[in-house]
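Reader: I am new to this structure and should be grateful for a close look at a single part of it. Please choose one residue, explain its setting, and then connect it with the rest.

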Amino acid sequence: MKIMLITLAMSLVTFVPRLLPVFIMHRLSLPAWGSKWLKSIPYAALGALIFPGVINIEEGFPLIGLAGGLSAAILAYLRLHVLFVILGSIAVVIFLRMYLGVY
Amino acid sequence: MHKDNDALKDFKAGIVKAFPIMIGYLPIAISFGIIAMQTNLHLYQALLMSVTVFAGASQFMAVNMIYLGASGAEIVFAALVLNFRHFIMSMSLMNRLKSIPVRWKAFLSFGITDETFSVASADKDIAENTSHFFVLGLFAGSYFSWVLGTLVGGLLFMAIPKGISESMSIALYSMFIALLVPAVRKQWRFGIIAAASGLFNFVLSRWLTGGWGIVFSTIIGGSLGIFLMVEEKV
């Protein structure tokens, strides 16, 4: 019962911040700088989501995440489909983990 | 009749766009299911959490804190802090999806995660006037994978070969990178914004926990765009 209540409270505090902007943005007409800011948010978020998280995927081996991330960047730069970008980087990480004896 | 066909087509296209997210979510959700079971939650409790919260990091943190005997208030507050970044992301996305009716946006907002937000905002094939059925497909596919993975993990209970599941931790990062690279190829400014934001987060992560670091880095990094971005011609 206690876990049930915690879960429901969690869902509430997670949903409300997702929901509020629907009504905020509906009423608000933004100045130019505001809309430039919000349009830049996805790329800023991507930067913060990728780094430094990517180098921490293997504790004590930042090079594994770095190599995986770099190989993803190279594959994406070669205009490969995102699924191949993902599979390629997984292959690199599996190889490096075996090579370095991480498990 | 014609309109219904369009709706279905958009919905399917959204699910196809969700494939990379689904692949990334599945192993994480499976591990969540397994860990939740290992920390003595019932399968239905793990499932309920995935169904009602749908925010990975905070769910892992919650089961960990439950296991450590933290109070309910602490756990809920941690979830609020960790997930507050979705507020900023939702502001950006809702500003972009102007053509979608408000009641649809209210419903769809439940599906905003780091990954669904990133694809919905940064994928080069997704136009600003995209339909709500497309977004529904994208979010529903991701949600389905998350809930299904939790169920599978709970049923597996014992670990999948550890080496494989851990190598897949790169998957979501690769997807983020695959979204960022084409955007940077088109607009170098996006690269500067992303690099600055990543560096901010690197510095902030020494003092702040994951959720707040991402919130502040995104706000600061995004504000660089005010000076860098050129006004779009209509």
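Author: In this predicted model, B:F54 is buried, with 24 other C-beta atoms within 10 Å. Because a residue counts as buried when 20 or more other C-beta atoms lie within that distance, B:F54 meets the criterion. The residue lies in the loop of chain B between α2 (43-52) and α3 (56-67). Its backbone deserves attention as well: phi of B:F54 is near 50°, a positive value in a residue other than glycine.

A positive phi is also found in chain A, at A:R79, where the angle is about 65° although the residue is not a glycine. A:R79 is placed in the loop between α3 and α4 (82-100) of chain A. With 10 C-beta neighbours inside 10 Å, A:R79 counts as exposed, whereas B:F54 is buried. Another loop of chain A, between α2 (32-50) and α3 (62-77), holds A:P52, and the peptide bond leading from A:F51 to A:P52 is cis, with omega near 0°.

Chain A itself contains 4 helices and 0 strands. Its radius of gyration is 20 Å, where a compact globule of 103 residues would have a value near 13 Å. Buried residues account for 47% of the chain.

The two chains touch: 62 residues of chain A are in contact with 78 residues of chain B. On the chain B side, helix α10 (residues 171-186) contributes the most, with 12 residues. That side comprises 48 nonpolar, 26 polar and 4 charged residues.

Methods: Residues are numbered from 1 along each chain as its sequence is written. Chains are lettered from A and ligands numbered from 1 in the order in which they are written. This is a predicted model: local features need pLDDT of at least 70, side-chain atom pairs count only at pLDDT 80 or more; totals for chains, interfaces and linings use all residues. Helices (H or I, at least four residues) and strands (E, at least two) are DSSP runs, numbered from the N terminus. The radius of gyration is taken over C-alpha atoms; the globule rule is 2.2 Å times the number of residues to the power 0.38. A residue is buried if 20 or more other C-beta atoms lie within 10 Å of its own, exposed if 12 or fewer, and partly exposed in between; C-beta atoms are placed from the backbone. Two residues are in contact if their C-beta atoms, placed from the backbone, lie within 7 Å. Ala, Val, Leu, Ile, Met, Phe, Trp, Tyr, Cys and Pro count as nonpolar, Asp, Glu, Lys and Arg as charged, and the others, Gly among them, as polar.
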